[in-house]
Amino acid sequence: RLNSAKDAALGIPATQPATAEVPEGPSFDPKTGLPVTRPVEPDVELSVKVLPDLSAAVAKLDPANPAKSQLIGAIGDLAWYCIYFDSQPDVAAVMIDTLAKLVPADNVTLVRLQGWNLLSQNKPDQAKVKLSAIADRDALAAVGMIKLSPDTDAAANTQGRKLLSDNPSRMLGAFLKDALRDRGIKVVAGDKAQMITQQLQN
């Protein structure tokens, strides 16, 4: 009753209970005609044309509101997806521009995304300026710097092995392994791993 009163006050029309019968059996994909076990999701093409400008909406949120940091994080994640996995630097640029309005210019995530997007557009000199600024404290920027160096660069390959040894697991480790795959760099077991192996063999 309370919800009905709220709806009436807001001018929201009352909803009626659904009376349509639910068909038995599985639903079918209209494209393939095959049965599906979950609703068919529409194909949505991510492009610059469909991206809204979120900066104004996010800026209005109280800094103490957890939703603000969550939205900023989501914008960064989407930009990274467009750069590394979807190869859409133009879409990523829109998200990065939005992020730049919401965080300081030296924000590590922002600088990393700017550098990697330049790297994806084959702009090595500009990418190096961005990535080198944070490579000493950000593994993703560091691996970007490695990718900018020749495959025969011994120092870069040594740095790659160190990155993998320092981050051998979780999402970061998986990404580093993928990013360095073409260079043939693999995880090197540390002293503790060797000690454990010896104990197991005894």
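The exercises below concern helix H3 and its surroundings in a predicted model.

**Exercise 1.** Determine whether the distance between the ends of helix H3 agrees with the span expected at 1.5 Å a residue.

*Solution.* Helix H3 covers residues 66–85, which is 20 residues. The expected span is 1.5 Å times one less than the number of residues, so for H3 it should be 28 Å. The end C-alpha atoms of H3 are 28 Å apart, and the two values therefore agree.

**Exercise 2.** Establish how the buried residues of H3 are arranged when seen down its axis.

*Solution.* Begin with the list: Lys68, Ile72, Ile75, Gly76, Ala79, Trp80, Cys82 and Ile83 are the buried residues of H3. Seen down the axis, these residues fall within an arc of 165 degrees, so they line one face of the helix. The spacing has a general background: an α-helix has 3.6 residues a turn, so residues three or four places apart point the same way. Next, consider the other side of H3, where Pro66, Gln70, Asp77 and Phe85 are exposed. Finally, ask what covers the buried residues of H3: the cover includes helices H2 (55–59), H4 (89–100), H5 (108–120) and H9 (170–179).

**Exercise 3.** Describe what is found at the start of H3 and just after it.

*Solution.* At the start, a side-chain oxygen of Asn65 comes to within 2.9 Å of the backbone nitrogen of Ala67. Just after the helix, Ser87 takes a positive phi of about 50 degrees, although Ser87 is not a glycine. Most residues other than glycine have a negative phi. Ser87 is placed in the loop between H3 and H4, and its relative accessibility of 59% means that it counts as exposed, the cut-off being over 50%.

**Exercise 4.** Classify the ring pair of Trp80 and Trp116, and state which helices it links.

*Solution.* The model holds 8 aromatic pairs. In the pair of Trp80 and Trp116, the ring centres are 5.3 Å apart and the planes stand at 85 degrees, so the pair is edge-to-face. This pair links distant parts of the chain, with Trp80 in helix H3 and Trp116 in helix H5, 36 residues apart. Both Trp80 and Trp116 are buried. Tyr84 also forms an edge-to-face pair with Trp116, at 5.8 Å centre to centre and 80 degrees between the planes. Here again distant parts are linked: Tyr84 is in H3, 32 residues from Trp116 in H5. As a last step, ring pairs link Trp80, Tyr81, Tyr84, Phe85, Trp116 and Phe175 into a cluster.

Methods: Residues numbered from 1 in each chain as written. Predicted model: local features only at pLDDT ≥ 70, side-chain atom pairs only at ≥ 80, totals over all residues. Heavy atoms only, no water. Helix = DSSP H or I, 4+ residues; strand = E, 2+ residues; numbered from the N terminus. Buried < 20%, exposed > 50% of the residue type's maximum accessible area, 1.4 Å probe, protein only. Arc of directions from axis to C-beta. Contact = heavy atoms within 4.5 Å. Polar contact = N/O pair within 3.5 Å; in protein donor to acceptor, adjacent residues only side chain to side chain. Phe/Tyr/Trp six-rings, centres within 6.5 Å; stacked < 30°, edge-to-face > 60°.
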